[in-house]
Amino acid sequence: MEEIRIVLPKIPDYHKIEVYENNGGYQSAKKAFNISTDEVIDIVKKSGLRGRGGAAFSTGLKWSFMPKTTDKPKYLAVNGDESEPGSFKDRQVFEDNPHQLIEGILISCYAIGAKTAYIYIRGEYHKWIKLMQKALDDAYEAGYVGEKMKEKFGTDFYCDIYIHKGAGAYICGEESALMNSLEGYRGYPRIKPPFPAQRGLWGNPTTINNVETIANIPKIIENGWEWFSSIGAQKHPGTILFGLSGHLNKPGVYELPSGILLTELIEKYGGGVLNGKKIKCVIPGGSSMPPLRGDQLEGIKMDADSLRDAGSAIGTAGVMVMDEDTNLLKVLLRITKFYHHESCGQCTPCREGTGWMEKTLKRLADGNGTPKDLDMLESVANNIEGNTICALGDAAAWPVKFMIQRFRNELEEYLKPEIILPVKNKVHSMRNTVNPLSTILR
Ligand SMILES: Cc1cc2nc3c(=O)[nH]c(=O)nc-3n(C[C@H](O)[C@H](O)[C@H](O)COP(=O)(O)O)c2cc1C
Ligand code: SF4
């Protein structure tokens with residue numbers, strides 16, 4: 001697989017404004033400001049760029065939903081909340097390439113007609129918030145952002161960028177919760193429609209895009225849509241920042257063309273599994289995506305369509321690798337505990353269902369499961385999926401549903417054989433880790 005860098009170029013000190021400028025930095029914004037906004041949107045549409053925040057939606061198409069004729073202010077919100085377990089790639093952009101993100105924001109704001117952009121950064125990312133703020137301050141001082149842009153770029157257009165720090169809630173990464181949070185309200189997702197382009201921040205048209213998505217924009221403008229669309233998978237082109245974690249020799253963030261084989265990603269880039277063990281399970285796109293069996297990874301490509309066909313999804317491309325010794329019940333319990341904890345509580349299926357699933361899995365993990373528990377878990381997951389305001393419900397349901405579907409035999413090992421006790425002519429079903437017979441029969 002050819003190595004190509006778009007978002008994280010291998011240039012020393014690229015995060016510094018002078019190095020970025022010396023390598024053609026901020027020239028793409030200049031180029032974009034000299035063509036019409038429609039043309040910019042058209043280039044991004046034709047490039048085939050799809051959002052890197054989880055849903056892989058066409059970026060150009062999303063931009064085209066922004067109303068053209070409106071007196072209302074428009075906004076861009078850049079999503080750097082990055083709180084999904086297994087996802088840690090946007091922070092690499094904050095650290096290594098903040099100016100390309102800023103330049104991407106300038107071009108995006110121009111295209112959609114926004115004069116204000118917010119970069120919403122995960123609250124725990126203290127270090128990266130500081131790095132990003134430093135880059136933004138430098139860009140302001142150099143005249144690339146704010147009113148001075150008019151002079152710097154010789155254009156009427158200018159915009160302001162603000163960094164907003166999250167406060168530790170995963171749900172605030174969901175685009176409508178993010179907007180509520182930015183407005184100063186509790187991070188509750190909103191019912192859609194209306195969609196953000198119709199009614200977003202403070203009731204005004206808003207576009208929300210992921211950090212990595214926006215960081216691609218300057219290079220698309222610089223090199224053209226044909227160049228971008230020819231990289232990687234045809235229907236999901238470009239590079240992807242793959243976050244490799246788990247039982248690997250070389251975990252980390254790797255920028256590689258989309259469509260790379262999952263096995264190549266693990267073996268060549270992740271350095272293979274620790275201690276030469278076999279793979280039991282891989283979650284290919286962050287903890288909410290359906291897990292894949294280790295013995296069925298051959299031929300799976302890492303792009304949205306291929307992963308969908310393989311029964312999973314690209315999500316945030318956070319690839320979590322688990323070796324043959326992993327206790328998947330504990331993994332599932334940990335994942336479910338996270339979603340239960342992060343559920344905002346607005347919808348009953350998510351609020352109650354995540355709690356039920358956690359309690360049931362805990363009981364299984366404690367050795368007190370019944371044979372019907374796995375069916376019940378599947379049923380609860382099915383009742384959450386698709387029945388909630390936001391996709392956190394699906395995010396909680398999928399790991400449970402698909403882990404049971406794909407690893408049922410393994411999970412069944414945690415179920416103890418049923419003890420049938422005849423008590424007063426009735427048949428009672430008992431189960432316990434401590435043998436209850438002695439006390440009951442005494
Ligand atoms: C519970 C939840 C958390 C999310 N967290 C993030 C996040 O941290 N970063 C992100 O970019 N998208 C996140 N998303 C997806 C966003 O709602 C939205 O689709 C995305 O920011 C759009 O950007 P894109 O089109 O560039 O991918 C999350 C979605 C859900 C349901
Ligand atoms: S699905 Fe869960 S997190 Fe999303 S709005 Fe409903 S209760 Fe809140």
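What volume does the largest cavity have? In this predicted model, the answer is about 80 Å³. Let's start with that space and then work outwards through the rest of the fold.

## The largest cavity

The structure contains 3 cavities of 30 Å³ or more. The largest of them has a lining of 13 residues, and those closest to its centre are Cys 344, Cys 347, Cys 350, Cys 390 and Leu 392. Sorted by character, the lining of this cavity comprises 8 nonpolar and 5 polar residues, with no charged ones.

## A cavity between two domains

The domain assignment splits the protein into domain 1 (17-230), domain 2 (233-323) and domain 3 (328-412). Where does the second largest cavity lie with respect to domain 1 and domain 2? Both domains contribute residues to its lining, so the cavity lies between them.

This second cavity holds about 60 Å³ of space. Its lining is made up of Gly 51, Arg 52, Lys 89, Glu 212, His 236, Ile 240, Leu 241, Ile 314, Gly 315, Thr 316 and Ala 317. Here the residues divide into 4 nonpolar, 4 polar and 3 charged, whereas the lining of the largest cavity has no charged residues.

## His 236, one of the lining residues

His 236 deserves a closer look, since it is among the residues that line the second largest cavity. It belongs to strand S6 (residues 236-237). Is His 236 buried or exposed? Its relative accessibility is 1%, so it counts as buried, the cut-off for that being under 20%.

Two polar contacts involve the side chain of His 236. One is with the side chain of Arg 52, at 3.3 Å, and Arg 52 is also listed in the cavity lining. In the other, a polar atom of the His 236 side chain sits 2.8 Å from the backbone nitrogen of Ala 304. Leaving aside residues up to four places away in sequence, His 236 touches Arg 50, Arg 52, Ala 56, Ser 258, Asp 303, Ala 304, Asp 305 and Ile 314.

## Ser 47 at the end of H3

Now for Ser 47, found in helix H3 (residues 37-47). With a relative accessible area of 0%, Ser 47 is buried. A polar atom of its side chain lies 2.6 Å from the backbone oxygen of Val 44.

Which residues does Ser 47 touch, not counting those up to four places away in sequence? They are Ile 220, Trp 225, Phe 228, Ser 229 and Pro 237. Pro 237 falls within strand S6 (residues 236-237), the strand that holds His 236.

## Helix H9 and its surroundings

Helix H9 (residues 175-182) is largely enclosed by the rest of the structure, because 7 of its 8 residues are buried. The buried ones are Ser 176, Ala 177, Leu 178, Met 179, Asn 180, Ser 181 and Leu 182.

What do these buried residues pack against? Their partners are four strands: S1 (75-80), S2 (116-121), S3 (160-165) and S4 (206-210). After the helix comes Gly 184, with a positive phi near 100°.

## Domains 1 and 3

Finally, how far apart are the C-alpha centres of domain 1 and domain 3? They lie 34 Å apart. The contact between these two domains takes 14 residues from domain 1 and 9 residues from domain 3.

How values were computed. Residues are numbered from 1 along each chain as its sequence is written. Chains are lettered from A and ligands numbered from 1 in the order in which they are written. This is a predicted model: local features need pLDDT of at least 70, side-chain atom pairs count only at pLDDT 80 or more; totals for chains, interfaces and linings use all residues. Side-chain values use heavy atoms; hydrogens and water are left out. Helices (H or I, at least four residues) and strands (E, at least two) are DSSP runs, numbered from the N terminus. Buried means under 20% relative accessible area, exposed over 50%, partly exposed in between (1.4 Å probe, protein chains only). A polar contact is a pair of N or O atoms within 3.5 Å; within protein, one must be able to donate a hydrogen and the other to accept it, and residues adjacent in sequence count only if both atoms are side-chain atoms. Contact means heavy atoms within 4.5 Å. On a 1 Å grid over the protein atoms alone, a cavity is a set of points where a 1.4 Å probe fits but cannot get out, and a pocket is an open set with protein on both sides within 12 Å along at least five of seven lines; lining residues have an atom within 4 Å of a point. Grid points are joined across faces, edges and corners, and a volume is the space filled by probe spheres set on the points. Ala, Val, Leu, Ile, Met, Phe, Trp, Tyr, Cys and Pro count as nonpolar, Asp, Glu, Lys and Arg as charged, and the others, Gly among them, as polar. Domain bounds come from an automatic or database domain assignment.
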